Amino acid sequence: MIENQMTEGTKTLEVLAFRVGNQDFGIDVVAVREIRGWTPATPLPHAPSFLCGVVNLRGIVLPIVDLAARLGFPPAEPTARHAIVVTQQGEQVIGLLVDGVSDILTIDLAQVQPTPEVASDMAKSFVRGVIPIDGRMISLLALNTVLPAVDQHAA
């Protein structure tokens, strides 16, 4: 199901589209705080393989997730062409390393098709729908499952 902060009668979704490897993905623009150029991250010891490290974002420690590695693709080798999409899910702010941002699309919710049944359970948990548009397929990511969980038990 597509969860969206919709007002009564709204039947569209604004999606930030970007590339990871040779595939197109998108997230709800409501979750996007900003888009930044690649900045080398400081690695953290014993971090998961998909965590590039952390960067300083105006005094805030921002973890950077290699979205390619998180989605099961070969890890990215960041260059100046890569981008960091700063996202917020609840109180959690995380940067997603992507190959490049393409555009912001206004999608009619009727265009969003369910994730194919042949997809693995992991793929279905990360992708909440597929959008065929302009001769390409955009996988709409579910940030709540893509982003690593934060321990909520801290005082």
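Which residue takes a positive phi in the hairpin of β9 and β10? Hold that thought for a second, everyone. One thing up front: what you see above is a predicted model.

Okay, the answer is aspartate 134, with a phi near 50°, in a hairpin that has 2 residues between its strands. Aspartate 134 does this although it is not a glycine. And is aspartate 134 buried or exposed? Its relative accessible area is 67%, so we call it exposed.

Now look at the strands on either side of that turn. Strand β9 covers residues 127-133, and 6 of its 7 residues are buried, so this strand is largely enclosed by the rest of the structure. Its partner β10, residues 136-141, runs antiparallel to β9, with 6 bridges joining the two. If you want a spot to click on, glycine 129 stands opposite leucine 140 in β10.

There's another positive phi to show you. Histidine 46 has a phi near 60°, and again that's a residue other than glycine. You'll find histidine 46 in the loop between β3 and β4, and at 84% relative accessibility it counts as exposed.

Those two strands bring us to the sheet. It's an open one with 5 strands, in the order β3-β6-β7-β5-β4, and the pairing is mixed. β3 (32-37) and β4 (51-57) are the edges: each has a single partner strand, so one side of each has no neighbour in the sheet. On average, neighbouring strands here are turned by 30° against each other, ignoring direction.

Inside that sheet, β6 (residues 83-89) and β7 (residues 92-98) run antiparallel and are joined by 7 bridges. One residue pair to look for is threonine 87 with its bridge partner in β7, isoleucine 94. As a quick reminder, strands of a sheet pair through backbone hydrogen bonds, either parallel or antiparallel.

Last stop, the rings. How many aromatic pairs does the count come to? Just 1. The pair is phenylalanine 25 and phenylalanine 73, with ring centres 6.3 Å apart and planes at 55°, so it's a tilted one. Phenylalanine 25 sits in strand β2 and phenylalanine 73 in the loop between α1 and β6, so the pair ties together parts that are 48 residues apart in sequence. Phenylalanine 25 is buried, at 3% relative accessible area, while phenylalanine 73 is partly exposed, at 29%.

And one more ring before we finish: the charged end of arginine 70 sits over the ring of phenylalanine 50, 4.5 Å from the centre of that ring. That's my tour, thanks!

Conventions:
Residues numbered from 1 in each chain as written. Predicted model: local features only at pLDDT ≥ 70, side-chain atom pairs only at ≥ 80, totals over all residues. Heavy atoms only, no water. Pairing = 2+ DSSP bridges. Helix = DSSP H or I, 4+ residues; strand = E, 2+ residues; numbered from the N terminus. Axes fitted to C-alpha atoms, helices over the stretch in contact; angles between N-to-C directions. Buried < 20%, exposed > 50% of the residue type's maximum accessible area, 1.4 Å probe, protein only. Phe/Tyr/Trp six-rings, centres within 6.5 Å; stacked < 30°, edge-to-face > 60°. Lys NZ or Arg CZ within 6 Å of the ring centre and 35° of its normal.
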